[in-house]
Amino acid sequence: MENQVDFNYQQEIERLKEKFGFDYIGIALAQSLEHRFEMKWMYVTGNLSEQYRLLKVQYGKGVAGVVFKTGKPMFVEDAEQALSGDNLFNYPIVVAEGLKSFGAIPLYKNNRVNGVMLVGSRKRLALTSEGFAQFKKVTGKEFGQSFQEEMVKNESDQ
Amino acid sequence: MNQTNNTDVSNLLMKLYGNSDEAIFFFDRQGRVLSMNAAAEQIIDEDVFEQMMAGNTEAICKTCKGYTSSEELQTCLSCYMSDPTKDIGSFQVYFDTKGRGIIPYSASIQTIDEETGARVFMLRDLTDQYKTQEELNQKLMMKRVIKAQEDERKRLSRELHDGVAQEMLSSLVDLRVLKYMNIEDDVLQKVQQTEGSLMRLLDDIRHLSVELRPATLDDLGLEAAFRTHFKWIEKNYGLHVNFQADLQTKRYEGEIETVVYRICQESVFNALKYAEIGEVVVRLYEEEGYLHLFVADEGRGFQMEQFSPKGTGLGIYGMKERAELVDGRFRIRSELGKGTVILLKVPVGKGGDAV
């Protein structure tokens, strides 16, 4: 990727995956103007399938779409229960990767959501709300300018 | 009537009286029960029966819940029993029957003997007919609802596509012009961001419009609409649709195209939601004056007999109703663990018009 010289996403998500013991991490980023700012999954680790390459994130739909639109983190402790049957198909990446508990945070650039980081586990209830909070806290510092906790707070206070 | 058959007739009449399913009562001029047949005895309470037999003229009111006049469904106003000389060929009455509750009857009352004033009152059970009528009405309503929904969707979709989206596009163009003017860098950056948001919004509106009802369906026909839809499904849900159409870009009547499109859409969505597979096969072809749609997956399937739907269960019902709208035949085959096949056959007469 031409414009990511200053930050190695792939290396970073692999490190985070090890550190927190996630099964999967994926980063979706908004494309440039030429690609109509469409959002695609750009960096993944721990993936089961290559399906993410085909998927387009629709603004406001699915994990990344919702986080992208709202600018707030999303956390689902028990996917089977929360997104059962009728609703699960709206989360294709969760289905494709067989995630049972997951969380996603917005990645900010110039005060705008530019991407979404999805972290998850294939075991039920493996990612707890405390675990996710801890992850958010740590990545806030480590993920540099991409994610700042106070921004998330500001957004959700409104 | 031949006189020699007189005994036969009275014999037959006795049989009719005894064995008919219709309740028959005989009343005298005062409204006292002279006699009633077995079917009549069956529908009234023993208590009422005894009172009737004892000559109580009001007894029938305990079981009669009123008749249907042009003003009211159940009324006692100018009751059919009140005027002993009036004959009414057919009217509707409600009776509180033993064990079955209040049910509608078609009734007739007429004088059969001028001298004694004896009258016969006959009741014919209407529940089955009512049920049939109700089902018919429901079907008709369902069809109207489907049509109304489709029309409304079409209107909204057009409005979004031709109105809102167009306006949005022209403001986007205006905004782009701004980028080539002499402006500060930070303003430029903001403009670019706004451009991004607007483009997303435009995409959103277009999605909405297509989701409501694809304009391609009206403009370019089934095949084109399906190709766009399946591409979208693949991108958004990661389900691969193996689509083959053999229509030579033919066009059909608007209603047929809508029905085929909606049924296919629903079937593919069902596969996506419940089959837990990565691929669906869709075939669309015309053969011997019928348009065929075939949707198959090799997913989980379900038991046809004891089917407890995962969703609302209305989908399949709706598809059947839609198929009936265009005299189509809709069939669904499914087996647990083997997958589901949906077949739709719609008569298209001499075939669609080639474009």
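**Notebook: helix α5 of chain B and the contact with chain A**

I began with helix α5 of chain B, residues 127-179, which has 53 residues and spans 74 Å from its first C-alpha to its last, close to the 78 Å expected at 1.5 Å a residue. I note here that the model is predicted.

I then looked for a bend. α5(B) has a kink of about 30°, and its centre is L160(B).

Next I listed what is buried in this helix. The buried residues of α5(B) are I146(B), E150(B), S157(B), L160(B), A165(B), M168(B), L172(B), L175(B) and K179(B). L160(B), where the kink is centred, is therefore on my list of buried residues, those under 20% relative accessible area. I recalled a general point about spacing: an α-helix has 3.6 residues a turn, so residues three or four places apart point the same way.

What do the buried residues of α5(B) pack against? I found α6 (185-212), α9 (254-275) and α10 (314-325), which belong to chain B.

I picked one residue of α5(B) for a check, L136(B). Is L136(B) buried or exposed? Its relative accessibility is 60%, so I put L136(B) down as exposed, the cut-off being over 50%. I also took a distance: from the C-alpha of L136(B) to that of K179(B) is 63 Å, with the two positions 43 residues apart along the chain.

I moved on to the interface. In chain B, 26 residues are in contact with 20 residues of chain A. The area buried between the two chains is about 2200 Å², and carbon and sulfur atoms give 46% of that. On the side of chain B, R200(B), K235(B) and Y237(B) lose the most area to chain A, together 28% of what that side buries.

How many salt bridges does the rule find across the interface of chain B and chain A? I noted two. E211(B) forms a salt bridge with K61(A), and the closest N and O atoms are 3.3 Å apart. For polar contacts between chain B and chain A, I wrote down four residue pairs, both residues at pLDDT 80 or more.

Which elements of chain B give two or more residues to the side that touches chain A? They are α6, α8 (222-237) and α9. Of that side, α6(B) gives the most, with 14 residues.

My last entry is H207(B), which sits in helix α6 of chain B. H207(B) has 15% relative accessibility, so I count this residue as buried. Leaving out residues up to four places away in sequence, H207(B) touches K56(A), Q58(A) and W232(B).

Conventions: Residues numbered from 1 in each chain as written. Chains lettered and ligands numbered in written order. Predicted model: local features only at pLDDT ≥ 70, side-chain atom pairs only at ≥ 80, totals over all residues. Heavy atoms only, no water. Helix = DSSP H or I, 4+ residues; strand = E, 2+ residues; numbered from the N terminus. Expected span 1.5 Å × (residues − 1). Bend = angle between axes of the 7 residues up to and from the residue. Buried < 20%, exposed > 50% of the residue type's maximum accessible area, 1.4 Å probe, protein only. Contact = heavy atoms within 4.5 Å. Buried area = accessible area lost by both parts, 1.4 Å probe. Salt bridge = Lys/Arg side-chain N within 4 Å of Asp/Glu carboxyl O. Polar contact = N/O pair within 3.5 Å; in protein donor to acceptor, adjacent residues only side chain to side chain.
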